[in-house]
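Trainee: Got a minute to go through this one with me? I'd like to start with the charges and then look at the fold.

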Amino acid sequence: MTAEAHRSTPKKNARLTAREAADSLSGINPGWKLSGRTLVRSFTFPDFRSAMVFANRAGDVSEALDHHPEIRVSYGKVVIATWTHSVSGLSKKDFDGCD
């Protein structure tokens, strides 16, 4: 990696600029959206049980990544919102696992 590329690559724990967040968004699943300093995606399911199974799997992935989003569950719907609390915004780590 060149010195210039190294300087322009954000660290996992560094807060991303709006431009860096938008650029990172293009590299993940298109269902994810930026909402201020948060990355959000809604998932729909045929029933509550399916939504809970998915939410529990998302929790397992989050635990493995040691990065814990807000997960809201309602009948047939799960909304995941993630941001890095320590930087009060988005970091590279928020985009991990969003593919």
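Mentor: Sure, let's take the salt bridges, then a buried acid, then the sheet. Keep in mind that this is a predicted model.

Trainee: OK, how many salt bridges are there in the whole structure?

Mentor: A search of the whole structure turns up two. One links the side chains of Asp23 and Arg19, at 3.5 Å from N to O. The other is between Arg72 and Glu70, at 3.2 Å from N to O.

Trainee: Where do Asp23 and Arg19 lie?

Mentor: Both are in helix H2, residues 18-25. They sit four residues apart, about one turn of the helix.

Trainee: And is Arg19 buried or exposed?

Mentor: Arg19 counts as exposed, because its relative accessibility is 62%. Its partner Asp23 has 43%, so Asp23 counts as partly exposed.

Trainee: What about the other pair, how accessible are Arg72 and Glu70?

Mentor: Arg72 is partly exposed at 43%, and Glu70 is partly exposed too, at 34%.

Trainee: Switching topic: you mentioned a buried acid. Which side chain of opposite charge is nearest to Asp94?

Mentor: That's Lys93, but it is 8.6 Å away. With a 4 Å cut-off for a salt bridge, Asp94 is buried and has none. Asp94 is part of helix H4, residues 92-95.

Trainee: So what does the side chain of Asp94 reach instead?

Mentor: It gets to the backbone nitrogen of Trp83, at 3.3 Å. There's also a 2.7 Å polar contact between the side chains of Asp94 and Thr84.

Trainee: Which residues is Asp94 in contact with, apart from its neighbours within four places in sequence?

Mentor: Leu39, His67, Thr82, Trp83, Thr84 and Gly89.

Trainee: Thr84 keeps coming up. Which other side chain makes a polar contact with the Thr84 side chain?

Mentor: Ser91 does, at 2.6 Å. Ser91 is in the loop between S4 and H4, and Ser91 counts as buried because its relative accessible area is 0%.

Trainee: How far is the C-alpha of Ser91 from that of Ala21?

Mentor: 7.9 Å, although the two residues are 70 apart along the chain.

Trainee: On to the sheet, then. What's the strand order?

Mentor: It's an open sheet of four strands, ordered S1-S2-S4-S3, with antiparallel pairing. S1 (33-35) and S3 (70-74) are the edge strands with a single partner each, so one side of each has no neighbour in the sheet. On average, neighbouring strands are turned by 25 degrees against each other, direction ignored.

Trainee: How many bridges hold S2 and S4?

Mentor: Six, in the antiparallel sense, between S2 (residues 38-44) and S4 (residues 77-82). Among them, Ser42 has Val79 as its bridge partner, and Val40 has Ala81.

Trainee: And how do S1 and S2 connect?

Mentor: They form a hairpin with two residues in between. Gly36 is in that turn, with a positive phi of about 65 degrees. S1 and S2 pair over three bridges, again antiparallel, and Ser35 has Thr38 in S2 as its bridge partner.

Trainee: Last one: which strands does helix H3 lie across?

Mentor: H3, residues 48-65, lies across S2, S3 and S4. It runs at about 170 degrees to S3.

Terms used: Residues numbered from 1 in each chain as written. Predicted model: local features only at pLDDT ≥ 70, side-chain atom pairs only at ≥ 80, totals over all residues. Heavy atoms only, no water. Buried < 20%, exposed > 50% of the residue type's maximum accessible area, 1.4 Å probe, protein only. Lys, Arg positive; Asp, Glu negative; His and termini not counted. Polar contact = N/O pair within 3.5 Å; in protein donor to acceptor, adjacent residues only side chain to side chain. Contact = heavy atoms within 4.5 Å. Pairing = 2+ DSSP bridges. Axes fitted to C-alpha atoms, helices over the stretch in contact; angles between N-to-C directions.
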